[in-house]
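Here is a friendly walk through a few helices and the residues that hold the contacts between them. Have the sequence and the 3D view open as you read.

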Amino acid sequence: MEVILQGYDVNRPTWFYLSLLLIVAVFFKFNRLWSLRNLDLALLLSLAPGLLIIQADDPKTLPLGYGWMFLVTGLLLLRLFVDGAFTRRPRLEQNLNAAGMAFLCGAAFLFQTTKIMTEPPHESTLATVLRADQLLNRQDTTQEPAQDASEAASEAGPATSLLATTVVPFSGGVADAGARLMAILAHAAVVLGLIFVGRWHFSDTTLGLAMATLYLLLPCTAYDVTRVNSLLPAALILWAVACYRKPIVAGLLLGLACGSMFFAVFLLPLWTAFYWKRGAMRFASALVGTAVVVVASLLLTSADSHSFTRQIIGSIEWSALKFQAGETGVGFWSTVDPAWRIPVFATFLVMLTALSIWPLQKSVEQLLSHSTAIIVGTQFWYPQHGGIYVLWYLPLMLTVVFRPRLAHLIPNPPPTPTLIATHDEASRRESWNIVITRWRIFR
């Protein structure tokens, strides 16, 4: 692949400029300048300049970059809070027909695949593949060398290594090949998830293609194209939304997401309230079953009970819950008094409680916007590199941007009395027609 694509390189600013032109040409509503769609596009595209400033790694501009990300992330959170107020969701066609959208989606996926094949895989993804190989060989993963502190924020849970075991046998024992294959499959899962959400829940496959195409064109996707540890839980949560009608499947997927990255745990109260009295027991049983499988996988790689205990404790990212100065020297909170994280975290818990209990009867509309708001809210108090983990919430954010009215989508809806009455009335009319017809024949 490197021989065929020798000399191929598209740097980050070029990705931003090219994707900006394509996104505006395809998705911007020129005949409705003040539409909600244009506001959402502006917010999503505003994330790229902040990421560019941070990835330039210039000590003079890093505070500006993190401040930019906090500001845009705050605007996104405000947009999610008021999502329910936009009761009118008119159908907005894209500036490209369905066939052209499908071609652009395939071409964008090919470009992202080319970027994955030509760039070195992310260190956290390589570490995940190595742990998966150790899991298959039943080696004690606690004996691996300590990772660099700067990668602590990208540390994945045990479920990520468990899922990566399906990729390792096809990589030929080469960690780079396994990491690249894992990245391609993760992005393919997000693309297919967006398409099926559009087809199954939005009743419009074209909307699914539009979401998938925008996901592939956004610069923030290309900037972290090989960071699988951040993308995999987002893909699992997206598929949990796609399969919300089956609480067992949704619980299995959300359980794997919780085992992959810590932030998915904060979604459990909301999803439990969503299924309350309508499949909550099946959802909870699937979560418990997934936890048992993950713990059993750790048990298989433990040399003794002490090693098993260390793997259980080490799989929890305790650094996210410490209110200490950033030891890594990176991120917004490394230069600010860590005591300020306490009120921010307390506000986040209040927000989490409010979104979980209100409204009592939730539809998929609230499930999408509230889940995205909870994930976006974690960006403000997360200690390392706060605000830059866009892939955590980007797939769900796109479903909020493109969704129509979904108030009728609730888990296991009861039969509608009106429909039953209408059916009974039609049956009575049919019976009377048969009686009248036989009487006429008899006469």
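Let's begin with one residue: leaving aside residues up to four places away in sequence, Leu80 touches Ser369, Thr372, Ala373, Val376, Met397 and Val400. Please keep in mind that this is a predicted model. Leu80 has its place in helix α4. Is Leu80 buried or exposed? Its relative accessible area is 2%, and the cut-off for buried is under 20%, so Leu80 counts as buried. One of its contacts, Val376, lies 296 residues away along the chain, yet the C-alpha atoms of Leu80 and Val376 are separated by 9.3 Å.

Now to the helix that carries Leu80, and to two helices that pack against it. Two packed helices are described by the angle between their axes and the distance between the axes. The table gives both values for each pair.

| Helix pair | Angle | Axis distance |
|---|---|---|
| α2 (residues 36-45) and α4 (residues 62-81) | about 150° | 10 Å |
| α3 (residues 47-55) and α4 | about 155° | 8 Å |

Take α2 and α4, with their angle of about 150°. Angles over 145 degrees count as roughly antiparallel, which makes α2 roughly antiparallel to α4. The crossing of α2 past α4 is left-handed. On the α2 side, the contact is made by Leu36, Asp40 and Leu43, and on the α4 side by Val72, Leu75, Leu76 and Arg79. Sorted by class, this contact of α2 with α4 has five nonpolar residues, two charged ones and no polar ones.

For α3 and α4, the angle is about 155°. That makes α3 roughly antiparallel to α4. The two helices meet in a left-handed crossing. Here α3 brings Leu47, Pro49, Gly50, Leu51, Ile53 and Ile54, which meet Leu62, Leu64, Gly65, Tyr66, Trp68, Met69, Val72 and Leu76 of α4. By class, the contact of α3 with α4 has twelve nonpolar and two polar residues, with no charged ones.

Finally, have a look at helix α5 (residues 98-118). How far should its 21 residues span? At 1.5 Å a residue, the expected span is 30 Å, and the end C-alpha atoms of α5 are 30 Å apart, so the two agree. The buried residues of α5 are Gly100, Met101, Leu104, Cys105, Ala108, Gln112, Thr113, Thr114, Lys115 and Ile116. These buried residues of α5 pack against α1 (12-27), α8 (175-200), α9 (205-217) and α10 (219-223).

Technical notes: Residues are numbered from 1 along each chain as its sequence is written. This is a predicted model: local features need pLDDT of at least 70, side-chain atom pairs count only at pLDDT 80 or more; totals for chains, interfaces and linings use all residues. Side-chain values use heavy atoms; hydrogens and water are left out. Axes are lines fitted to C-alpha atoms, for helices over the stretch in contact, and angles run from 0 to 180 degrees between N-to-C directions. Helices (H or I, at least four residues) and strands (E, at least two) are DSSP runs, numbered from the N terminus. Angles under 35 degrees count as roughly parallel, over 145 as roughly antiparallel, 65 to 115 as roughly perpendicular and the rest as oblique. A crossing is left-handed if the near helix is turned anticlockwise from the far one by less than a right angle, and right-handed if clockwise. Contact means heavy atoms within 4.5 Å. Ala, Val, Leu, Ile, Met, Phe, Trp, Tyr, Cys and Pro count as nonpolar, Asp, Glu, Lys and Arg as charged, and the others, Gly among them, as polar. The expected span of a helix is 1.5 Å times one less than its number of residues. Buried means under 20% relative accessible area, exposed over 50%, partly exposed in between (1.4 Å probe, protein chains only).
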